[in-house]
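Q: Please take a close look at one part of this model, the cysteines and the helix packing that goes with the same chain, and describe it carefully.

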Amino acid sequence: MKGIVFVKFNEFIEELWGDEFWDELLTEADLPSEGAYTTVATYDDEELFTLIALVVDKKCISAKDAQFAFGKWVFKELYKAAPPGAHDFKDVFEFLHAVQNFIHIEVKKLNPDALLPEFEFLSETPTLLTFKYISPRKLCYFCEGIVYGLAQHTGQEIKVSQSECIHEAGHSCVFEVEKI
Amino acid sequence: MPIEVPTATIAELQKRISVLERKVSREKKARNIAENKLEHYSLEIYQINESLKEALASSNKKKRELEFLGESSIDAGSEMNINEIITHFILLAGEFCHADFGCYLVTDGGVISEEGKNQVWCSCGTWQEKADLVDATYALLPIKDAELMSSWGGVEYLFDSD
């Protein structure tokens with residue numbers, strides 16, 4: 001996973017619970033990278049999962065809530081790092097299409113080895129967008145948080161639900177994003 | 001009188017210092033990793049840029065060669081007479097080589113013909129009479145067929161005589 005995710009996770013944890021808690025997590029996790037994260041490197045996905053699992057354990061929250069909160073927080077940070085054309089979209093649905101059709105293509109140009117999630121759009125009305133989230137990392141709750149972060153950015157009110165989820169015996173993760 | 005600091009506070013401060021020391025150490029390590037990566041990427045970009053420059057120069061050279069050959073071969077198939085073909089070829093060759101001057105000689109059995117003698121093409125686009133330049137050039141050029149072939153490198157055995 002790209003270093004930016006780890007660097008932002010570090011910032012997220014420090015913002016919420018301080019640098020001593022982050023230090024505590026790293027000491028307990030005993031990771032191969034030792035937590036020396038930089039945005040220009042790539043790290044093993046397992047390191048993030050280990051850190052999330054420790055947060056879940058220490059703060060008595062669910063993995064779903066932890067991933068969701070991080071996703072919602074990280075949107076604005078990823079948005080700053082997004083390619084210039086990504087800042088032209090003012091609508092949640094438009095932006096979600098752009099993630100698949102523009103942003104990920106641009107990201108791949110700079111990082112050909114980046115493993116990015118895919119959105120398979122299933123249906124769309126003016127108020128409801130349905131798409132399948134496809135990723136071997138299975139971070140659908142993180143993605144849900146990102147969609148809420150996006151709505152916060154565009155100033156739109158939305159409701160996101162999953163009619164099917166791989167973590168709840170589904171074959172895939174199907175998102176329903178409804179404008180309220 | 002020395003100030004008494006509560007033991008708990010000292011312990012807390014020591015803990016805080018340890019946390020910050022580890023943080024600094026992680027940030028130093030991350031900075032080194034980033035610097036190494038960026039140096040590596042910079043070198044890679046420099047090398048790619050150099051090879052692109054070389055490829056572009058080679059491609060431009062090939063393009064000019066093809067244009068030169070193309071224009072020369074058009075003349076051969078045209079209705080121009082031999083003199084026009086030769087003078088146009090000198091012009092093309094002069095432009096292709098970025099030469100200041102160009103001249104040609106016609107030989108018949110190793111003897112220089114008077115055809116076009118002393119005429120020199122100038123890069124300004126005109127033909128001028130420059131006997132001294134032509135003489136100096138002829139002195140350096142192979143006149144007979146065998147000499148000519150020899151100057152191209154070891155093919156003189158193809159010719160028995162002039």
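**Cysteines and a helix pair**

A: Over all chains, the structure holds zero disulfides, a disulfide being a pair of cysteine sulfur atoms within 2.5 Å. This is a predicted model, in which local features need pLDDT of at least 70 and side-chain atom pairs count only at pLDDT 80 or more, while totals for chains, interfaces and linings use all residues. Residues are numbered from 1 along each chain as its sequence is written, chains are lettered from A and ligands numbered from 1 in the order in which they are written, and side-chain values use heavy atoms, with hydrogens and water left out.

A:Cys140 has its closest cysteine sulfur in A:Cys165, at 3.7 Å, which is too far for a bond; A:Cys140 is also buried, at 0% relative accessibility (buried means under 20% relative accessible area, exposed over 50%, partly exposed in between, with a 1.4 Å probe and protein chains only).

In chain A, helix H5 (residues 92-110) packs on helix H6 (residues 140-154) at an angle of about 130 degrees, with the axes 10 Å apart. H5(A) is therefore oblique to H6(A), since angles under 35 degrees count as roughly parallel, over 145 as roughly antiparallel, 65 to 115 as roughly perpendicular and the rest as oblique. The contact (heavy atoms within 4.5 Å) involves A:Val92, A:Phe95 and A:Leu96 from H5(A), and A:Val147, A:Leu150, A:Ala151 and A:Thr154 from H6(A).

Technical notes:
Axes fitted to C-alpha atoms, helices over the stretch in contact; angles between N-to-C directions. Helix = DSSP H or I, 4+ residues; strand = E, 2+ residues; numbered from the N terminus.
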